[in-house]
Amino acid sequence: MIAYLARISVKSVVTLFAIVTVTFIATRLSGNPIDTFLGDGLTAEGRAELIRYFQLDGTLWQQYVAFLRGVVSGEFGLSFVDRRPVTQVVGERLWASGQLLLASVTLTILVAIPLGILAAIYRKSWIGSAVMTVAFAGYAVPSFILAILMVLVFSYWLNWLPVVGNGSFLHFIMPTIAMSGVLVAALTRFTRNAMLDVLGQDFIRTARAKGLSEARVVLRHGLGNAGVTVISVIGLQVAGLAAAGSVVVESIFSWPGIGQLLVNAALIRDYPVLQFGVITVAVAVVAINALTDVAYALADPRIRLARS
Amino acid sequence: MFRLMLTTALAALPLYASAQEITVGAANVSSYLDPGRDHSNVGSQFYYNSFDTLIDRDHSKLDPEWTPALATSWELIEPTVMELKLREGVTFHNGEEMTADDVVFSLNRMMQATFPPYVVRAKDRLANFPKAEKVDDYTVRIHAAREEPLWETLISLQQVMIIPEDYTKALTGDPDVAEDSDYEAFALAPVGTGPYRVAEFQPGEKLVWERFDDFWGEQAPLRRVNVVQISETASRMTALRTGEADIITNIAPDQLSLIERDPELKTAGSATALFHVMIMNQNHPKLEDPRIRQAMSLAIDRDALNEALWLGKAVVPSTHTMAEMGALHQPDLVTFEYDPERARALLDEAGYDGFEITFDTASSYYTNGLLAAQAITQMWADGGLNGKVVVSDTWTGGSPDLMARNWSNPMYFADPFGSFGVMWAPEGPSQSEGRFNTDEAYADSWERFRYSTDVETRKAAYRELMERVKEDPAVLPLYRPFESWGMKKSIDWAPMPGHIPYVLDFRAGNITVAGS
């Protein structure tokens, strides 16, 4: 188990390093903050002065080395725009994004797993078909379409739900649904398939033969074994959601989270915020993946034993 | 009975006033608030409510009518020295009283700037002012290097709004020294003398103004204003409809009808005092012949761009001029025209062989920027030019490979010097980037335009500059984009002609909210 954890850690660090490097290079090749947010009308001399002031005057390599030194010593620099430490700028957004992610994952699990089980049990009836049709449709609708549609119906037409910010419970409804939409669809399908696999196995027949109630068969023996697959899917999808889904949804709902922060930082090329923001998200994704691996191993002794 | 009515009315008055709270849904909320270092369109929205200049103007009028603000009177005591008497009993939002020390500090932070973001902004417009000095607690003098035709204009710039000295210096490090980090800290905790104090500021997210009860002038009409960033246009429009916002900013022309159809809502707008321009590189080897650049300019039907992209609401200028420039506005001068026939003839004369001319544009930096670029290259094709749009977020204005691209020339203050004069001065941004050349004759015209104290001389000199641009084009002003705000019908607010673009002026008399 320790060797297994060590391997995961090394893998995670390498992944993070690659992400950080790509982010560094990509942001710097795509334009610089002097041109994008300091406005028009600088003389060449004034531009040079600001480039020095923001310490952008070294070669790309020098800047990269300076940046890596900062990462190692925990110094991630100041935002170009508001001149606050990026750890603070990103940190104060973390909770808002975390809340939304947590709400979405909870909603997903509460909806998708029962639906998946339902679809597996009633796979031959209209209930199973209906669930799967909705799941397929849901998978095909990107979160921003879902978000805009909800805004149109529930805010613009009906005026039931607010669209701006995260001030109350009502504010959570649309962003949470928009974030979970695709996830619910994916997890429902995976749960159904995993359950079907398991329910066809010999030990289920044995369990039934023992005279266990159907509920006990399905939930304990069925879901207990299908759980391994389900966990890995939740892990992967949540990671993807943390990285990508929030950017769009947070922008639409003016959610003061990391996604919206990153969009703004990218537009004005606020490198330090962008870099640290991406690192934060990457760490979250890598951590979720690592946790998934661990959970996977705990849930299935075969993996744990085979790998160590 | 009368007495009862009177007491009721009196009792209702403060209640009515204190109920005044609105929320503004802004496409962008600043990431910092320092009127000195900022000259962005985002920032200019927010300063006038919280800060004052020494001299102000009547913003309801196009022509400048100077009014006393933090200075109650001013006069030239020598041709290059202005003495200003300061208003007594003015308090900053932190409770400190404003004295000459604060004023001198605020002016010299720009006039003798050491903080790089101040340096670059002070150079282009405040270069003629070496220093300000204190005479006594309520008297200051401002020195000019040369006679200055634009005293009031330049003393009322956003960049020289007054901030408190002791407060700023004490923000970080040594409380008696103004360090760079003090100015950076100030931008997150701004303090001024205006009618609204910044009660809460979350960079790039939220700004809350509260009425400042000790304001020296007429009390602010609103008790509280929340400005929240709603970057998505669709969300902004929805927020206005749901009532989450009372005013929203930056509505694209094609969205206006959506708001106007709603019986509860209305829009207000104006042609912004800012030109979207096309710039051309005089020094590109293939474009050195001015006839080719003349043709690039003549082939563009700017009225068609206006109709198609701005529903005809933008303003297409005949030369680099705007009505806001008062006495210096010269609408009769025509130096930019649409004449595709002449464009073709010039290309023939110049022996244009059909080489490709690139037009650079960012994908979304300027409203309609990409669409305009595509339309322009199409118009070029009709005029015999082989154009190609290059989309890139990188600024190419300083590249020797630049052929043409879009840019903007904002009016930083109401004078041609505040627009053309900043961008196209000898050794200014355009020349220093290597795409625009000036010679002695140009510099001579520019000198007279900038420094002559005779309006007619300035106008004549400006005409000379415009003729030079016509002969050897480096810029074509396309139009003044039309900018709109949406709001509830109960709110009476509109952008004012005497302001620089985008100012959200919520001072007394400039906004009213009915029946809350």
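## A walk through a predicted two-chain model

Let's begin in chain B, where four strands make an open sheet in the order S4-S5-S7-S6, with antiparallel pairing. The edges of this sheet are strand S4 (71–78) and strand S6 (131–136) of chain B; each has a single partner strand, so one side of each is left without a neighbour in the sheet. From one strand to the next, the twist averages 25°. Please keep in mind as you look around that this is a predicted model.

Follow the pairings across this sheet, starting at the S4 edge. S4(B) and S5(B) are antiparallel and share six bridges. They form a hairpin, with two residues between the strands. To find this pairing in the structure, look for Glu78(B), which stands opposite Val81(B) in S5(B). At the other edge, S6(B) is joined by five bridges to strand S7 (residues 139–143) of chain B, and the two run antiparallel. Here a good landmark is Glu133(B), which has Arg141(B) in S7(B) opposite it. What packs on this sheet? Helix H2 (residues 100–111) of chain B does, touching strand S5 (81–86), S6 and S7 of chain B. The direction of H2(B) makes about 170° with that of S6(B).

Chain B also holds a second sheet to explore. This one is open too, with seven strands in the order S8-S9-S10-S1-S11-S18-S12 and mixed pairing. Strand S8 (196–202) and strand S12 (265–271) of chain B are its edges, and because each has a single partner strand, one side of each is left without a neighbour in the sheet. The twist here averages 20° from one strand to the next. One pairing to look at is that of strand S1 (residues 21–26) with strand S11 (residues 247–251) of chain B: two bridges join them, and they run parallel. Within this pairing, Val24(B) has Ile247(B) in S11(B) as its bridge partner. Helix H7(B) packs on this sheet, where it touches S1, S11, S12 and strand S18 (482–488) of chain B. Its direction makes about 155° with that of S11(B).

Now turn to chain A. How many helices and strands does chain A have? There are 13 helices and zero strands, and reading along the sequence gives the pattern α-α-α-α-α-α-α-α-α-α-α-α-α. The C-alpha trace of chain A spans about 85 × 55 × 30 Å along its principal axes. As for confidence, the mean pLDDT of chain A is 84, with 94% of its residues at 70 or more. Among the elements of this chain, helix H7 (residues 143–157) has the highest mean pLDDT, 91, while helix H13 (residues 301–307) has the lowest, 64.

One helix pair shows how chain A packs within itself. The axes of helix H5 (residues 86–121) and helix H12 (residues 271–299) of chain A come within 9 Å and cross at roughly 50°. That angle makes H5(A) oblique to H12(A), and the crossing is right-handed. On the H5(A) side you will find Val86(A), Thr87(A), Val89(A) and Val90(A); these meet Pro272(A), Val273(A), Phe276(A), Gly277(A) and Thr280(A) in H12(A). By class, the residues of this contact are six nonpolar, three polar and no charged.

Finally, let's see where the two chains come together. In total, 42 residues of chain B are in contact with 33 residues of chain A. Several elements of chain B each supply at least two residues of the side that touches chain A: helix H3 (116–126), strand S10 (224–229), helix H7 (233–242), strand S16 (404–410), helix H13 (420–423) and helix H14 (429–432). That side of chain B has 18 nonpolar, 15 polar and nine charged residues.

H7(B), which we met on the seven-stranded sheet, also takes part in a helix pair across the chains. The axes of H7(A) and H7(B) come within 10 Å and cross at roughly 15°, and the two helices are therefore roughly parallel to each other. Their crossing is left-handed. From H7(A), Ile148(A), Val151(A), Ser155(A) and Tyr156(A) meet Ala234(B), Ser235(B), Thr238(B), Arg241(B) and Thr242(B) in H7(B). The contact of H7(A) with H7(B) has four nonpolar, four polar and one charged residues.

Terms used:
Residues are numbered from 1 along each chain as its sequence is written. Chains are lettered from A and ligands numbered from 1 in the order in which they are written. This is a predicted model: local features need pLDDT of at least 70, side-chain atom pairs count only at pLDDT 80 or more; totals for chains, interfaces and linings use all residues. Two strands pair if DSSP finds at least two bridges between them. Axes are lines fitted to C-alpha atoms, for helices over the stretch in contact, and angles run from 0 to 180 degrees between N-to-C directions. Two residues are in contact if their C-beta atoms, placed from the backbone, lie within 7 Å. Ala, Val, Leu, Ile, Met, Phe, Trp, Tyr, Cys and Pro count as nonpolar, Asp, Glu, Lys and Arg as charged, and the others, Gly among them, as polar. Angles under 35 degrees count as roughly parallel, over 145 as roughly antiparallel, 65 to 115 as roughly perpendicular and the rest as oblique. A crossing is left-handed if the near helix is turned anticlockwise from the far one by less than a right angle, and right-handed if clockwise. pLDDT is the predictor's confidence in each residue, from 0 to 100.
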